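Subject: Structure for you to look at

Hello,

Here is the structure I said I would pass on. My notes on it follow below.

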Amino acid sequence: MAAQRVLVVLFDGVQSLDVTGPVEVFAGAETARPGSYTIHTGSISGAMVRTSSGLRLHPDVDLAGTDPPDLLIVPGGAGTRTGDPRLVDWLRTAGPAAGRVASVCTGAFLLAEAGLLDGRRATTHWQYTHSLARRFPQVAVDTEPIFVRDGDVWTSAGVTAGIDLSLAVVEEDHGRDVALEIARHLVMFVRRPGGQRQFSAQLEAQVASRDPLREVQRHIAEHPSGDLSVDALARLANLSPRQFSRAFAAEVGTPPGRYVDRVRLETARRHLEDGAFVEDAARACGYGTSEAMRRAFIRTLGVTPTDYKERFSCK
């Protein structure tokens with residue numbers, strides 16, 4: 001099998017991690033399986049670019065003189081807000097000729113401007129999903145996934161999600177073991193599947209302003225199998241149950257019972273992704289029985305814990 005040619009587009013205002021994350025993944029694959037990928041960067045006229053953080057990057061090639069790559073990667077960054085018309089024109093021609101096209105973060109805006117996302121499902125960084133949908137109504141924007149694949153076009157959420165997308169490409173090309181080997185080398189906690197949400201329960205919720213309520217949030221995350229009833233949590237916050245419920249909902253943005261449910265579900269998902277048995281995950285996360293956890297998974301995710309593990313477990 002001939003080496004896959006990867007071309008990463010550079011432009012002024014590009015996010016440096018959107019470039020280096022995928023490059024490190026494919027370079028790692030080349031180290032693990034020599035002859036798997038050749039990696040180049042390119043810009044309009046081959047000009048040096050300045051990243052959004054001030055770093056200067058010198059591209060390998062002038063985009064105008066390149067052959068269609070097997071994988072074309074378009075990073076994001078501040079430079080996508082007013083995309084260079086020359087780059088958009090180049091993408092409009094080069095995109096359909098490439099074997100696969102992928103964007104990282106707000107690079108999806110450049111793909112959309114070039115018409116490469118028309119009629120397709122796509123995602124981007126959570127802060128910009130609504131803007132992408134508003135500006136490009138012909139694109140079916142999905143606000144939640146880490147990354148989305150629609151045919152030969154891949155789009156990913158913010159920054160580190162570009163690594164997840166790249167690992168998924170490597171897995172498709174060279175198998176799960178190679179992708180996991182690279183993930184371990186990059187010290188990634190887990191190789192996140194594209195269908196996972198961009199937010200954890202803790203990130204999606206607000207952080208309480210008062211120390212006692214922040215302590216309750218920390219306690220819930222660290223003790224999902226404990227007594228997390230309103231009465232028990234109210235005692236921890238030194239408030240009456242009624243005071244606690246009102247204060248928690250006001251500061252966190254969700255009632256305490258619902259917050260506990262979300263944290264337990266997310267923790268159970270991580271256990272299953274790490275290879276735990278369903279029964280062990282249920283006990284560790286406070287469900288009591290595997291049937292109770294099964295009902296929670298079906299109600300919220302639409303799949304059973306067993307199906308979830310089979311799809312997303314890294315072991």
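Which residue of β7 does I73 stand opposite? The partner of I73 is A102 in β7. Please keep in mind that the model is predicted.

Strand β6

I started with β6, which spans residues 71–74. Strand β6 has parallel partners in β1 (residues 4–9), with three bridges, and in β7 (residues 100–103), with four bridges. In the pairing with β1, L72 has L7 opposite.

In a regular strand, side chains alternate between the two faces of the sheet. In β6, L71 and I73 lie on one side, and L72 and V74 on the other. These four residues are all buried, so both faces of the strand are covered.

The connection from β6 to β7 involves helix α2 (residues 85–97): together β6, α2 and β7 form a β-α-β unit, and its hand is right.

Helix α6

Helix α6 covers residues 176–185. Its buried residues are V178, A179, L180, I182 and A183. An α-helix has 3.6 residues a turn, so residues three or four places apart point the same way. Among the elements that cover the buried residues of α6 are α1 (16–32) and α5 (161–174).

Helix α10 and its two contacts

Two packed helices are described by the angle between their axes and the distance between the axes. I looked at α10 (residues 241–252) against α9 and then against α8.

The axis of α9 (residues 230–237) comes within 9 Å of the axis of α10, with a crossing angle of roughly 85°. Angles of 65 to 115 degrees count as roughly perpendicular, which means that α9 is roughly perpendicular to α10. On the α9 side the contact consists of V230, D231, L233, A234 and A237, and on the α10 side of P241, F244 and S245. By type, the residues of this contact are six nonpolar, one polar and one charged.

For α8 (residues 211–222) and α10, the axes come within 11 Å and the crossing is again at roughly 85°. Helix α8 is therefore roughly perpendicular to α10. Here α8 contributes L213, V216 and Q217, while α10 contributes F244, A247, F248, E251 and V252. The residues of the α8 contact with α10 also divide into six nonpolar, one polar and one charged.

F244 of α10 takes part in the contact with α9 and in the contact with α8.

Regards

Note on methods. Residues are numbered from 1 along each chain as its sequence is written. This is a predicted model: local features need pLDDT of at least 70, side-chain atom pairs count only at pLDDT 80 or more; totals for chains, interfaces and linings use all residues. Side-chain values use heavy atoms; hydrogens and water are left out. Buried means under 20% relative accessible area, exposed over 50%, partly exposed in between (1.4 Å probe, protein chains only). Helices (H or I, at least four residues) and strands (E, at least two) are DSSP runs, numbered from the N terminus. Two strands pair if DSSP finds at least two bridges between them. A crossover is right-handed if, with the strands pointing away from the viewer, the path from the first strand over the helix to the second runs clockwise. Contact means heavy atoms within 4.5 Å. Axes are lines fitted to C-alpha atoms, for helices over the stretch in contact, and angles run from 0 to 180 degrees between N-to-C directions. Angles under 35 degrees count as roughly parallel, over 145 as roughly antiparallel, 65 to 115 as roughly perpendicular and the rest as oblique. Ala, Val, Leu, Ile, Met, Phe, Trp, Tyr, Cys and Pro count as nonpolar, Asp, Glu, Lys and Arg as charged, and the others, Gly among them, as polar.
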